[in-house]
Amino acid sequence: MDKLNYAVLKETGYTGYILEKAPEKVMQFGEGNFLRAFVDYWFDLANEKAGWNGKCVLVQPIGGGLAKLINEQEGLYTLHLRGSQNGEKVDDARVISSVSRCLNPYEDEDFEEVMKVAESDDLEIIVSNTTEAGIVYDPVCQLSDRPASSFPGKLTQVLLRRYQAGKPGIIMLACELIDNNGKELLKCVNQYIDQWGLEDGFRKYVNEDCTFCGSLVDRIVPGRVRDPKEVAALEEFHGYADPLLDVGEVFGLWVIEGDESLNDVLPFAKAGLKEKVFVTPDMSPYKKRKVRILNGAHTGFVLGAYLAGENIVRDCMHDETIKGFMNKMLYDEVIPTLPLDKDDLLAFASAVQDRFNNPFVDHELMSISLNSTSKWKARNMPSFLEYISLKGELPICLTTSLAAYIAFYSSDIQELTDKGLICRRPAVGKAADLDDLTYTVSDDRWALEFYYEHKNDSEEALVHAVLTNEKMWGQDLSAIAGLEAKVVEILKKIRTEGAKAAYAACL
């Protein structure tokens with residue numbers, strides 16, 4: 001079957017939106033599944049709905065990448081957004097035409113092409129998602145490198161060429177999943193300006209004419225379809241082969257931190273996407289919303305759900321007790337502590353249930369359980385403490401989630417190995433049919449050693465040791481009135497009656 005390109009797509013009779021030619025207004029560092037299912041999708045919608053008339057030229061951040069394949073397909077690829085909306089199964093397919101080409105700067109000819117784009121009158125925006133490790137200053141990088149090995153080094157080379165060509169500053173949208181991503185990237189660029197001895201005029205250009213925006217990105221992107229039978233079925237359905245076919249969840253949110261004047265250049269507000277892609281002077285409340293509601297829901301219920309015999313997030317949404325526990329935790333204990341519009345918070349929490357119920361994604365509870373000590377501290381403890389401050393009482397669901405965390409880390413401990421802490425879960429629920437009930441707790445070594453050292457403790461001794469461990473929580477949680485006795489009570493209930501009974505008691 002022919003591979004997707006403009007001619008092949010035309011032959012299939014495709015009737016969706018397509019834009020074949022347009023100026024390259026965006027330089028995008030990264031060509032992987034996430035950016036193509038997220039950033040390039042929003043620009044594609046902007047072309048369709050706002051007549052933005054722009055293309056994204058992609059730049060491989062590392063030597064090995066997708067440039068050859070993307071160029072063979074003339075930038076085209078199919079995106080399937082799959083999931084659940086209002087309880088209904090959704091699978092929407094769209095051919096994305098917002099990408100013009102992909103450049104590999106590790107090849108001399110393409111490095112020069114990157115620099116030509118840098119000098120272009122059309123360029124307005126640079127976007128990046130080079131993983132959490134991408135925004136890092138590496139003093140090994142030199143201005144003469146073709147290209148610099150670090151992403152901030154490459155970006156400094158691009159901006160210097162643009163400055164030397166006398167072109168206007170750009171808007172930089174950093175999408176990496178680190179705190180203050182835009183500010184950290186600008187900091188790295190300034191370090192290269194210092195290291196490379198670049199002129200003060202360029203420093204002024206970078207810091208005053210260019211706008212470095214932090215951003216919060218939110219979309220689960222499973223990526224490629226790996227099942228050969230499904231690949232064959234999709235090829236038959238679409239009428240072409242597409243090795244670049246990408247899959248993401250239906251939900252998507254892009255919060256860009258900056259002045260609202262950015263909307264004069266960014267096309268998203270004009271495209272009517274303001275509820276999904278928007279500019280705000282302070283994105284911290286939205287980050288807090290995501291961490292406390294979406295991530296906090298995961299950490300809050302999965303450990304107990306696993307002990308109750310569940311394995312997959314979606315299955316938990318079909319269990320009225322577990323789903324009820326999660327919803328009560330979110331609506332009664334987390335949302336009241338958040339500084340955002342109540343209707344907005346309720347809508348976001350409602351979407352979480354649909355996202356967790358995605359019929360296309362088998363999200364394993366054990367994968368979410370990784371590093372739950374630091375996750376509970378970052379995702380759940382702030383809501384827990386603020387609820388107590390606000391209400392003057394313990395939040396029952398969040399307190400139960402803390403007890404479930406302790407139960408998960410101490411369930412019939414077998415041994416401590418190089419891979420982690422080996423525990424056994426009860427033979428209940430779906431686990432009742434398993435021959436091997438052992439599971440491996442993965443966390444910082446000191447946390448695993450702590451639980452192994454306390455494996456023979458009574459519930460009272462264990463809970464006291466956990467709550468007073470300031471390395472875990474940054475404070476002594478046993479000082480909270482009534483907490484220690486309540487956690488002991490719930491832990492005993494989990495161990496004698498099961499985690500689901502503990503969840504049910506909250507309802």
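No disulfides are found in this predicted model, a disulfide being a pair of cysteine sulfur atoms within 2.5 Å. Residues are numbered from 1 along each chain as its sequence is written. The model is predicted, so local features need pLDDT of at least 70 and side-chain atom pairs count only at pLDDT 80 or more, while totals for chains, interfaces and linings use all residues; side-chain values use heavy atoms, with hydrogens and water left out.

Two cysteines illustrate the zero count. For Cys-141, the closest cysteine sulfur belongs to Cys-188 and lies 10 Å away, too far for a bond. Cys-141 is buried at 0% relative accessibility. Here, buried means under 20% relative accessible area, exposed over 50%, and partly exposed in between (1.4 Å probe, protein chains only). Cys-423 is also unbonded: the closest cysteine sulfur, in Cys-316, is 19 Å from its own. The relative accessible area of Cys-423 is 0%, and the residue is buried.

Cys-423 falls within strand β14 (residues 421-424). Helices (H or I, at least four residues) and strands (E, at least two) are DSSP runs, numbered from the N terminus. Strands pair if DSSP finds at least two bridges between them. An open, antiparallel sheet of three strands has the order β13-β14-β15. Its edges are β13 (415-416) and β15 (438-441), each paired on one side only. Two bridges link β13 to β14, and Leu-416 faces Leu-421 of β14.

Strand β3 (77-85) has two partners. With β4 (residues 88-96) it runs antiparallel over nine bridges; Arg-82 stands opposite Asp-91 there. Two residues separate the strands of this hairpin, and Asn-86 takes a positive phi near 50°. With β10 (residues 246-249), β3 runs parallel over four bridges. Leu-81 has Gly-248 of β10 as its bridge partner. Eight of the nine residues of β3 are buried.

β3 also contributes to a pocket lining. Pockets were sought on a 1 Å grid over the protein atoms alone: a pocket is an open set of points where a 1.4 Å probe fits, with protein on both sides within 12 Å along at least five of seven lines, and lining residues have an atom within 4 Å of a point. The second largest pocket holds about 520 Å³. Of its 23 lining residues, Phe-251, Lys-276, Ala-347, Phe-348 and Ala-351 are closest to the centre. β3, α10 (284-307) and α13 (342-356) each give two or more residues to this lining. The largest share, seven residues, comes from α13.

Definitions and conventions:
Points joined across faces, edges and corners; volume = space filled by probe spheres on them.
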